[in-house]
Amino acid sequence: MHPATRRLRWLENLVRRAVMLIIRPAEAWQLIALSSDMGDRQAWRHVVLLSLLASTSWSSGVTWLQSDAGLRAGFIATLVTTFLLWMCAMFVTAFSIALLLPHYGRPRCWRGAWTVAAYGATPLLLCGVLLFIPVAMMLLVVTLPYGCYLLSLGAQEVLGVRKGDAAEFTGASLILSMV
């Protein structure tokens with residue numbers, strides 16, 4: 001297979017999975033749980049690409065509002081800072097999920113926690129593309145409930161958290177990640 005075809009297929013799979021998480025989340029989580037490289041390349045690519053898109057949108061919007069000569073330097077600094085903040089948020093969320101797993105009768109699974117954090121943030125990251133209009137940041141608040149729902153489904157499918165404990169587990173993980 002030609003390398004360009006492989007890259008396009010990888011991107012196509014990433015887009016398909018993101019759309020599936022939004023439209024048919026239960027089916028998407030089942031496929032993710034069965035994936036052989038859970039927590040590895042696919043989840044990393046998902047987070048990095050969507051974080052870069054959201055960071056680029058935000059940086060474009062912020063620097064567009066500025067009219068000084070240091071536009072390019074401001075864009076790059078904002079882009080790097082925003083990307084690093086998205087990635088830190090993913091790591092902290094994954095760490096919180098992994099930390100709480102034993103309290104819900106599950107073994108600690110770092111790769112599974114990263115997978116759940118990465119794919120559970122899909123609505124936020126997709127909405128982040130609209131951040132070229134800084135006022136659109138309010139839209140992120142609208143995506144939070146659906147992100148919590150995705151985290152809850154992921155905790156059940158990927159990590160084996162019981163259905164009755166999934167909502168509490170999700171809430172506790174998010175509260176712990178904010179502390």
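**Helix packing and salt bridges**

The axes of H5 and H7 come within 8 Å and cross at roughly 150 degrees. Because angles over 145 degrees count as roughly antiparallel, H5 is roughly antiparallel to H7. The crossing of this pair, H5 and H7, is right-handed. The model is a predicted one. On the H5 side, the contact is made by Val116, Ala117, Tyr119 and Gly120. On the H7 side, Gly147, Leu150, Leu151, Gly154 and Ala155 take part. By class, six residues of this contact between H5 and H7 are nonpolar and three are polar. No charged residue belongs to the contact of H5 with H7.

Helix H5 spans residues 110-120 and is mostly covered. Nine of its eleven residues are buried. The buried residues of H5 include Gly112, Ala113, Trp114, Thr115 and Ala118. Val116, Ala117, Tyr119 and Gly120 are also buried. These four residues of H5 are in the contact with H7.

Helix H7 also meets a second helix. H7 covers residues 138-157, and H8 covers residues 163-178. Their axes come within 9 Å and cross at roughly 125 degrees. That angle makes H7 oblique to H8. H7 passes H8 in a right-handed crossing. From H7, the contact draws on Cys148, Leu151, Ser152, Ala155 and Gln156. From H8, it draws on Lys163, Ala166, Ala167, Phe169, Thr170 and Leu174. Seven residues in this contact of H7 with H8 are nonpolar, three are polar and one is charged. Leu151 and Ala155 of H7 appear in the contact with H8, and Leu151 and Ala155 appear in the contact with H5.

Ser96 lies in helix H4, which runs over residues 71-100. Its relative accessible area is 2%, so Ser96 is buried. Neighbours within four places in sequence are left aside here. Beyond them, Ser96 is in contact with Ser173, Leu176 and Ser177. H8 spans residues 163-178, and Ser173, Leu176 and Ser177 fall in that range.

Salt bridges were also examined. The count comes to three. One joins the side chains of Glu12 and Arg16, at 2.5 Å from N to O. Glu12 and Arg16 are four residues apart in helix H1 (residues 3-23), so they are separated by about one helical turn. Glu12 has a relative accessible area of 43% and is therefore partly exposed. Arg16 also counts as partly exposed, at 45% relative accessibility.

Another salt bridge joins the side chains of Glu27 and Arg24, at 3.1 Å from N to O. Glu27 is partly exposed, with a relative accessible area of 36%. Arg24 counts as partly exposed as well, at 43% relative accessibility.

A further salt bridge is formed by Asp165 with Arg162. The closest N and O atoms of Asp165 and Arg162 are 2.7 Å apart. Asp165 has a relative accessible area of 17% and is therefore buried. Arg162, in contrast, counts as exposed, at 57% relative accessibility.

Key: Residues numbered from 1 in each chain as written. Predicted model: local features only at pLDDT ≥ 70, side-chain atom pairs only at ≥ 80, totals over all residues. Heavy atoms only, no water. Axes fitted to C-alpha atoms, helices over the stretch in contact; angles between N-to-C directions. Helix = DSSP H or I, 4+ residues; strand = E, 2+ residues; numbered from the N terminus. Parallel < 35°, antiparallel > 145°, perpendicular 65-115°, else oblique. Left-handed = near helix turned anticlockwise from the far one by under 90°. Contact = heavy atoms within 4.5 Å. Nonpolar A, V, L, I, M, F, W, Y, C, P; charged D, E, K, R; others polar. Buried < 20%, exposed > 50% of the residue type's maximum accessible area, 1.4 Å probe, protein only. Salt bridge = Lys/Arg side-chain N within 4 Å of Asp/Glu carboxyl O.
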